[in-house]
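Here's a quick walk through a few local features, helix by helix. Have the structure open and follow along.

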Amino acid sequence: MKSEKGIFYRIDLVLVSLYLALVLMGWLNIYAAVYNDSHQSITDLHQKYGKQMVFILASLVLAISILIIDPKFFSQFSYFIYGFFLLMSVVVIFAGREIAGSKSWFAIGGFGIQPAEFAKMATALALAKFLGYLDRNIKHPRTLVIAVSIIILPALLILLEHDTGSALVFFCFVLVLYRAGLSGYVLLALLVIPVLGVLALIINKYILVATLFTISGLIYLRSRRRARTLMIALAIFLASSGLVFSVHFAVNHVLEPHQRQRINVLLGNNTDLKGAGYNVNQSLIAIGSGRFWGKGFLQGTQTKYNFVPEQSTDFIFCTVGEEHGFIGSFIVIALFLGLMIRILMNADRQRSKFSRLYGYGVASLIFIHFGINIGMALGILPVIGIPLPFFSYGGSSLWAFTILLFIFIRQDAMRNELV
Amino acid sequence: MERALAYRRLIIIGIFLAVGLIFTARLIYVQILVDKYILSANNNVLRYITQYPARGLIFDRNGKLLVYNEAAYDLMVIPRQAKNIDTAELCRLIGIDKDEFTRRMIKARNYSPYRQSIFEAQITRENYGFLEEKLFRFPGFFVQSRTLRKYTYSIAAHTFGYIGEASPDIIEGDSYYRSGDYIGVNGIEKSYESLLRGEKGMKVRVVDVLNRDKGSFQEGKYDTLAYAGTDLYSSLDEDLQEYGEKLMANKKGSIVAIEPSTGEILCMITSPTYDPNLLVGNIRRKNYRNLVLDTIYQPLFNRALMAMYPPGSTFKLVDALVGQQEGVLFPTTTYGCPGGFSIGNGKMVGCHSHPSPLNLKGAIQISCNTYFCRVFRSIIDNSSYTSTRQAYEHWRKEVMSFGLGRKLGLDVTGELNGNIPSPAYYDKYHGKDRWRSMTIISLGIGQGEIGITPLQLANLAATISNRGWYHIPHIIRAIGKKDSINPGFTEKKFTDVNPAYFDIVVEGMADVVSEGTARASKIDSIDFCGKTGTAQNPHGKNHSIFIAFAPKLNTKIAISVVVENAGFGAAWAAPIASLMLEKYLKRKVSRKDLEERMMNADLIHGINTGNEIGKGHFLPD
């Protein structure tokens, strides 16, 4: 690290260390996941772990570059960067290569670049910029609409690429909106809706609706019984009942077959041998067989025999679970939590509203990827293919998250100034 | 306001921690509290065993079994699982040495350590028995069974075709086939592949880490049944085919016989030929190489379908019919023959000496070249047409309506079009429209650039016997059940010639046999009709050709015989055809001397090379 203008001691080394720890552990686990007897050198460039090493080196260069640049660059060019990646997301629909049903990659040389990953980072920047003006009040409808549009636009484009998983992650930005002043009830609703949806698929519709009615009734009765509360209670009841009834319809007619299948697998309706059910089952077996201490580095039988598909990307956590057991898995979770919470703590000590909101964006993005990826590997969520930040194999993901994080670290190094 | 909202950080952190907690709890559950996953890890290896169905059988027209299946067993290995093997013991059981064992294991590992490869193909039945018993001692090894083709009679090799491993292109293009699967390569095996192959099934078995079979997965819920291939009933008459192949031993050429009323092919013989059992299984590759390298006799070349010859005098029949249709020829039309037909510049199309003049019937019986040159000329110089080209195009169209110069639509691969030259061809050769009837006069007597395959010749005979129509010739008469009909061949194809004009030609052909050029080949008590032909061959002796159908009334069989480098049609092709007809109609042949002479005649050896090879049927070395 260069010592320049005294920023060195202002850079949060805790964050940098957490980052390096995760990247390194990720790399070692990719090696373990892909390892086979005939290719042993960890630096073999034809294998994924060799390539990941190259990606890591490149991302270190990116990180250092960002640390050197004046952070005002990011705040000034936020919209520009955002617009650029929006454009890329459009272009990839036409010029991209189709892989596994989704057309989300540019093929350049021997590598692939996914604009979607960078779009996530760009959205965090644009959103922070937009909401970062001191006089911006999110309670104004116009502000809210624009903010939501900033979030939804890239999500829609990504949906057009048939990459539903990546589109879903944009929901995380509601946390940023919440921190910026959006009503807590919205957050609550967003948390409750999926829960309700799942319940609707498991429990009989009518029982559920009756329960909702009872709950709404109780809320009304226990409140001060004003007409307004009645309206609200009624509205909530109707909305949630509507949701309950429409969930079945949505699952059976709106979702694509493979997505429906994944949900069925989650609910235990379908032990699809060769499809999504197989993945999750194998994943659980791999993780479960790790027990407390794990089987040891490079000793995982499930991974060695290639029973878990997509081991180096979506299911990379299985390798951790199998080879390093509960101890290892817990450490990884702790590291991620540490990273996210540290970012939040730092975010609130920012003087600039832009930096603060951007920090929340960073933490939220990392959180949703962390939550969905590990949740899927543990069989708690349906199979949704998104990477585990810093861990999963992949250049685009690693670079995008590195940039995402280090922009914040850079701003944090000038936390007492207005950016 | 910012201060006021600061508490929200805590809520968000709370959400993060809650999720972390849920994960930790789940981990504790899956990794510590519950046993089933660790147990599953040890036991959950699934093995997918493909069930290969029996390939469809092929019968002859009388229900004789011609092609059937025999079980073969392949020893498979999954390299990753092959640990702690008593190598010496296994080598002893299979019959290979240690170096070979190592070599094969390396090859399998290079293909994939996790996927199965063939370790030893086609273990004999006996070995399979010994091996199966002891296989549990060799983790990673198991036996997969499949079926190979066997041929009851060593006949019709070209027609049946053979099966081989599907090539990478095929595997890529059709998801049914995987590496190592068999597919028909040519002949009936190829044309009817989708019916013969049946449908693969799948058994899913649970095996533990040591590869011991633990039973079927979920009680066979995911198993699928294999469906046996559909049987085919061919129109071939085994007796006739075998007899014909004997007659054609040590000769180059072919015999094709069709049943005119249905288009069913009674026999399709190519000589030199080979024993189809040679191209089965392990030995196929080596034998195939030997057959391919035999460039002199070319036993793999299917002459019946793929050899083109100028039809020679047999083509005169076509000219006779087209001439009548065009109105320039009548049964009473008479031409004299001064020993040949002059085509200007002092050149002449020669003719053998015979009584003169002749009418149409006589000209067919005697096969007079002059007569038919004049017939052809009158067709082409017909003043109803404005140009030679136009007349020729009409002539060509009518000729092609007999199934000549184009594919007939046989249900077996390899059919050739044959060649009736197009006007454009002559344009190119002589200059645009600078050719006249005299330039192409050799077409009148079936020589020149005209090319016809033996199949087309047989079909021509059938068409004439039917008085102007034919069914598309086909080899398979019934699919699945003995009396079902192979659809697609039931339509009558009509020629452009009025049926009324055929009678006189048939009479002429009858005379050919009773008094004419083929009189030496007549059969006692069977009236049949034929026509000799001698195809000129610039590279050697002329080809002997004969077409015929019998009996004259209620025709049951039409036949074409081509014997290469054998001279006059009457010398070899006619007697062979005659014997074939007698064999088919009477079931036994009384002219033993003739039969013996034909069978023993060797027309190919001692002519070309010094290679010492077997007698017409080829044996592996």
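## Helix α4 of chain B

In this predicted model, helix α4 (residues 87–94) of chain B has six of its eight residues buried, so it is largely enclosed by the rest of the structure. The buried ones are Thr87(B), Glu89(B), Leu90(B), Cys91(B), Leu93(B) and Ile94(B).

What do the buried residues of α4(B) pack against? Two of the partners are helices, α5 (98–111) and α6 (125–134), and the strands are β3 (65–77), β4 (117–123) and β5 (141–151), each from chain B. Right after α4(B) comes Gly95(B), with a positive phi near 95°.

## Helix α16 of chain B

Helix α16 (residues 369–380) of chain B has 12 residues, and at 1.5 Å a residue they should span 16 Å; the end C-alpha atoms sit 17 Å apart, which agrees.

Like α4(B), this helix is largely enclosed by the rest of the structure, because nine of the 12 residues of α16(B) are buried. At the start of the helix that's an unbroken run of Asn369(B), Thr370(B), Tyr371(B), Phe372(B) and Cys373(B), and further along come Val375(B), Phe376(B), Ile379(B) and Ile380(B). The cover over these buried residues includes helices α14 (316–326), α15 (360–366) and α17 (388–400) of chain B, plus strands β14 (340–344) and β15 (347–350) of that chain.

## A helix pair in chain A

Over in chain A, helix α5 (residues 115–131) packs on helix α17 (residues 395–412) at an angle of about 15°, with the axes 8 Å apart. That angle is under 35 degrees, so α5(A) counts as roughly parallel to α17(A). The crossing is right-handed.

Which residues make the contact? From α5(A) there are Glu117(A), Phe118(A), Met121(A), Ala124(A) and Leu125(A). From α17(A) come Ser396(A), Ser397(A), Trp399(A), Ala400(A), Phe401(A), Ile403(A), Leu404(A) and Ile407(A). By class, the contact has 10 nonpolar, two polar and one charged residues.

## Ile384 in a chain A loop

Ile384(A) lies in the loop between α16 (353–377) and α17 of chain A. Is this loop residue buried or exposed? Its relative accessibility is 16%, so Ile384(A) counts as buried.

Setting aside neighbours within four places in sequence, Ile384(A) touches Gly165(A), Leu168(A), Ile372(A) and Met376(A). Ile384(A) and Asp314(A) are 70 residues apart in sequence, while their C-alpha atoms are 8.4 Å apart in space.

How values were computed
Residues numbered from 1 in each chain as written. Chains lettered and ligands numbered in written order. Predicted model: local features only at pLDDT ≥ 70, side-chain atom pairs only at ≥ 80, totals over all residues. Heavy atoms only, no water. Helix = DSSP H or I, 4+ residues; strand = E, 2+ residues; numbered from the N terminus. Expected span 1.5 Å × (residues − 1). Buried < 20%, exposed > 50% of the residue type's maximum accessible area, 1.4 Å probe, protein only. Contact = heavy atoms within 4.5 Å. Axes fitted to C-alpha atoms, helices over the stretch in contact; angles between N-to-C directions. Parallel < 35°, antiparallel > 145°, perpendicular 65-115°, else oblique. Left-handed = near helix turned anticlockwise from the far one by under 90°. Nonpolar A, V, L, I, M, F, W, Y, C, P; charged D, E, K, R; others polar.
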